[in-house]
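Colleague: Could you take a close look at the strands here and show me how they fit together? Please go step by step, and point out what I should look at.

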Amino acid sequence: MLKFLKQVSDYAKQTVQSARYIGQGLSVTFDHMGRRPITVQYPYEKLIPSERFRGRIHFEFDKCISCEVCVRVCPVNLPVVDWEFDKVNRKKKLNHYSIDFGACLFCGNCVEFCPTNCLSFTEEYELGVYDRHELNMDNVALGRVPYKVTQDPMVQPLRELVYLPKGVLNPHGLPPDARRPGQLPDEILLRSQTDDK
Amino acid sequence: MRNSNNINPDDSFEKQRIISPVEYGVTQQLSENVILTTLDDLYDWARLSSLWPMLYGTACCFIELAGLIGSRFDFDRFGLIPRSSPRQADVIILAGTITMKMAPVTLRLYEQMPEPKYVIAMGICMITGGPFCVDSPTAIRGADKILPVDVYIPGCPPRPEALIDSIIKLRKKISNESMQERDKIKQTHRYYSTKHNMKSVPPILTGEYLKAASRHQPPNEITEAMGVPIPPALKSKEKEKVTEIT
């Protein structure tokens with residue numbers, strides 16, 4: 001009789017133990033059920049590219065002085081600068097400028113070394129085409145205003161990780177004035193000035 | 001002579017002409033029929049919603065492609081399930097650089113894919129050779145020198161979102177296809193190729209070296225020197241030479 005009771009109590013203990021063990025595992029699973037998936041639903045939600053993102057290159061025709069520095073610093077000598085020397089006015093005249101994005105590495109050398117800042121990066125990265133010759137952009141195509149993610153009505157823009165406020169990992173539902181951690185240089189200056197006082 | 005357009009060649013351009021005369025009317029072609037249009041839509045929808053890409057990646061662009069397999073940028077939302085075998089794949093996303101050594105391998109993988117198949121060239125190495133387009137002795141200047149490409153994505157490497165954008169563009173391309181034109185898409189003449197002056201050379205590695213007898217058993221002189229007893233019939237003739245050496 002006693003042995004039987006002991007067997008029952010042993011079995012009950014084992015059941016309770018195994019249920020606790022399964023419960024510990026399931027608690028991790030159910031914890032995930034309450035979380036929002038981190039997937040960026042691409043065409044409907046897009047990440048806002050960061051400030052220094054190296055997207056499509058933008059060219060201002062009027063600022064170019066045809067010095068060809070961009071061609072010399074390019075790893076593949078890519079930009080095609082079609083200029084001629086105007087003997088009457090004794091100046092270089094730029095006829096045409098083109099960059100083939102089928103070969104551009106987006107390294108940024110040309111942007112960095114341009115003396116007149118006519119080359120800059122935009123935030124466009126959606127450059128897929130059906131024919132690769134459409135990627136050879138002339139100065140008109142390079143000078144177009146870029147597509148902005150924040151101005152597209154069909155898209156919900158999401159901030160990237162570094163732009164989220166402290167402790168927040170979910171970019172949805174953020175108030176628009178939520179600031180990233182850290183201070184702008186003006187604020188550091190202001191603080192140091194007030195500290196000095 | 002009356003031409004079918006009913007346009008009198010003597011008419012000057014100042015005179016008005018009907019641009020689309022009534023005879024053309026609504027086309028009588030079968031594919032414009034309502035029933036087949038819906039069938040075409042269904043066929044195209046079924047194919048574009050489940051494009052299974054082959055897991056192909058030679059270089060850095062594959063890391064961005066692998067980012068799409070993860071959960072942050074998920075390409076399973078578009079029905080893409082990566083397949084390891086070309087026989088099971090619909091689309092090959094060429095990610096990386098093709099060199100002279102890898103080119104026949106890539107072409108073979110492409111040929112092993114069953115029709116209908118599509119190619120997405122990801123990254124500038126696959127469009128024009130990219131950073132290797134100027135001085136490289138071995139890189140192939142673009143995948144479209146060896147196989148036909150449907151969508152090109154620039155970038156070094158392109159962002160995962162740019163790759164998803166190109167998948168959307170490929171889906172748009174597929175949605176325009178018609179079932180009736182299925183057999184017109186042949187593999188020849190879809191891509192540009194040119195006559196070259198290269199001569200075909202027999203392969204260097206033929207397997208002869210690996211099958212050479214000396215690789216399986218040391219020559220008789222060495223086995224004798226090692227002290228392994230061998231039958232007298234197989235003993236080497238130049239025994240004196242061996243003793244001279246030792």
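Modeller: Begin in chain A, where three strands form an open sheet in the order E3-E4-E6, with antiparallel pairing. Keep in mind that this is a predicted model. Look at the two ends of that order. Strand E3 (80-86) and strand E6 (136-137) of chain A stand at the edges. Each has a single partner strand, so one side of each is left without a neighbour in the sheet. Now find the join between strand E4 (residues 91-100) of chain A and E6(A): two bridges link them, and the strands run antiparallel. One pair to pick out is Ile99(A), whose bridge partner in E6(A) is Met137(A).

Next, go to chain B and find strand E2, residues 91-95. Is this strand mostly covered or mostly uncovered? E2(B) is mostly covered, as five of its five residues are buried. In a regular strand, side chains alternate between the two faces of the sheet. So check E2(B) one face at a time. On one side are Val91(B), Ile93(B) and Ala95(B). On the other are Ile92(B) and Leu94(B). Every one of these is buried, and both faces of E2(B) are covered.

Which strands does E2(B) pair with? Strand E1 (residues 53-54) of chain B is joined to E2(B) by two bridges, and the two run parallel. There, Pro53(B) has Val91(B) as its bridge partner. Follow the chain between these strands: from E1(B) it passes through helix H2 (residues 61-69) of chain B to reach E2(B). This β-α-β crossover is left-handed.

Strand E3 (residues 118-122) of chain B is also joined to E2(B), by five bridges, and again the pair runs parallel. Val91(B) appears here too, opposite Tyr118(B) in E3(B). Trace the chain once more: it leaves E2(B), goes through helix H3 (residues 103-112) of chain B and arrives at E3(B). This crossover is right-handed.

Last, return to the helix in the left-handed crossover, H2(B). H2(B) packs with helix H5 (residues 160-175) of chain B at an angle of about 75 degrees, and their axes are 9 Å apart. An angle from 65 to 115 degrees counts as roughly perpendicular, so H2(B) is roughly perpendicular to H5(B). Which residues make the contact? H2(B) supplies Glu64(B), Leu65(B), Gly67(B) and Leu68(B). H5(B) supplies Pro160(B), Leu163(B) and Ile164(B). These contact residues divide into five nonpolar, one polar and one charged.

Technical notes
Residues are numbered from 1 along each chain as its sequence is written. Chains are lettered from A and ligands numbered from 1 in the order in which they are written. This is a predicted model: local features need pLDDT of at least 70, side-chain atom pairs count only at pLDDT 80 or more; totals for chains, interfaces and linings use all residues. A residue is buried if 20 or more other C-beta atoms lie within 10 Å of its own, exposed if 12 or fewer, and partly exposed in between; C-beta atoms are placed from the backbone. Helices (H or I, at least four residues) and strands (E, at least two) are DSSP runs, numbered from the N terminus. Two strands pair if DSSP finds at least two bridges between them. A crossover is right-handed if, with the strands pointing away from the viewer, the path from the first strand over the helix to the second runs clockwise. Axes are lines fitted to C-alpha atoms, for helices over the stretch in contact, and angles run from 0 to 180 degrees between N-to-C directions. Angles under 35 degrees count as roughly parallel, over 145 as roughly antiparallel, 65 to 115 as roughly perpendicular and the rest as oblique. Two residues are in contact if their C-beta atoms, placed from the backbone, lie within 7 Å. Ala, Val, Leu, Ile, Met, Phe, Trp, Tyr, Cys and Pro count as nonpolar, Asp, Glu, Lys and Arg as charged, and the others, Gly among them, as polar.
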